[in-house]
Amino acid sequence: MSREVDVPALVEGVLAGDRRVMARAITLVESRRGDHRERAQELLVELLPHAGGARRVGISGVPGVGKSTFIDQLGVDLTAAGSKVAVLAVDPSSARSGGSILGDKTRMSRLAVDPDAFIRPSPTSGTLGGVAQATRESMVVVEAAGHDVVLVETVGVGQSEIAVAEMVDSFLFLTLARTGDQLQGIKRGILEIADVIAVNKADGPAAGDARKAARELAGAIRMLRGHTDGGWDVPVLTCAGLTGEGLDEVWAKLVEHQDRMKASGEFDERRRTQQVRWTWQLVRDALEHQLRSHPGVRTAVPDLEKAVVSGELTAALAAQQILETFLARRP
Ligand code: GDP
């Protein structure tokens, strides 16, 4: 990124749907440099009135469940039907694991060359908070550029799903048919945030097992979640990203989920709540960053931690000393 950032040119290019400008705008919102952050906020303020119109769908599942194959197929189906599709990703571990990077274009070979699709891999550096922030801001960029579907890919581990659930309208969880206790491999937390579940790779001879697994899972979810009057019963479908079987049904359920939420007012409420929670998350992140980079705090922390570990100091007293150091001597 060059030193001079021409915000009006970025706004114009993004609104015109210029892919190279979109990529530059996203590089800007991903940057942690202070002056870049300022320019990024100027850009986002201009783009915000043009954003918000997309269906935002989170897609998660363990590595190997078939996410990229699924998104590639779903994406080309959607663009064939006239949509403009953006794929974003949240995977703070991708830099460290060195393996597949979510949202990697080589993993979605047909969508990557589709003129109506825009794929952006996960930012590879930073904390989950930083990566999630970049992805949320990238979402503003792709929506302002006219994409009416935003798919946010994440992995079925850790806190990433929670972060993604906080930025999408509906959450699709992909899983595989497993024998035995269906709930064993699937964390309870996922079941609580999933709006639609699909047992993937339900093609060929595996189809029967997948349908059986889906029925068992549906039963287990009903027990876990109970049923609320007028609430959404999480559907468990089967599909195969590789052949495209069942993808229409999965998409139809995601659309139905959003239509139901819109009709009940829950949709607007969810987006409003997300914005407010997001604001406070940013406040917490910024405060923690300031706290940890405060010279006095940095000097005091190793000894205080040692004292807590050895039992010389209680955690509460150590916390108090850290806060006093932070608040007393601003750098
Ligand atoms: P990801 O790690 O979740 O993104 O999974 P991939 O999309 O890379 O798929 C992992 C492997 O599963 C690849 O070898 C795919 O070819 C295979 N695969 C993906 N979807 C299907 C499917 O629907 N059916 C079958 N039989 N294999 C699939």
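Helix α2 (19-30; helices of at least four residues, H or I, and strands of at least two, E, are DSSP runs numbered from the N terminus) has 12 residues, which at 1.5 Å a residue should span 16 Å, and its end C-alpha atoms are 16 Å apart, in agreement with that expectation; the expected span is 1.5 Å times one less than the number of residues. The model is a predicted one, in which local features need pLDDT of at least 70 and side-chain atom pairs count only at pLDDT 80 or more, whereas totals for chains, interfaces and linings use all residues. Residues are numbered from 1 along each chain as its sequence is written.

Within α2, the residues Met 22, Ala 25, Ile 26, Leu 28, Val 29 and Glu 30 are buried, a residue being buried if 20 or more other C-beta atoms, placed from the backbone, lie within 10 Å of its own, exposed if 12 or fewer do, and partly exposed in between. The cover over these buried residues includes α1, α3, β3 (117-119) and α7 (128-144). Met 22 is buried because 23 other C-beta atoms lie within 10 Å. When residues up to four places away in sequence are not counted, Met 22 touches Val 14, Phe 118, Val 141, Val 142 and Ala 145, contact being defined by C-beta atoms, placed from the backbone, that lie within 7 Å.

The chain is divided into domain 1 (1-50), domain 2 (53-263) and domain 3 (279-328), with bounds that come from an automatic or database domain assignment. Between the first two of these, 14 residues of domain 1 are in contact with 12 residues of domain 2. On the domain 1 side, α1 (7-15), α2 (19-30) and α3 (34-47) each give two or more residues, and α2 gives the most, with six residues. This side is made up of 10 nonpolar, two polar and two charged residues, where Ala, Val, Leu, Ile, Met, Phe, Trp, Tyr, Cys and Pro count as nonpolar, Asp, Glu, Lys and Arg as charged, and the others, Gly among them, as polar.

In the largest nonpolar core, which has 73 residues, Val 141, Val 152 and Leu 172 touch the most other members; such a core is a set of buried Ala, Val, Leu, Ile, Met, Phe, Trp, Tyr and Cys residues joined through C-beta atoms within 7 Å. The largest share of this core, eight residues, comes from α7, and at least three residues are drawn from each of domain 1 and domain 2. Beyond its neighbours within four places in sequence, Val 141 is in contact with Val 14, Met 22, Ala 25, Ile 26, Val 29 and Leu 47.

Key. Contact = placed C-beta atoms within 7 Å.
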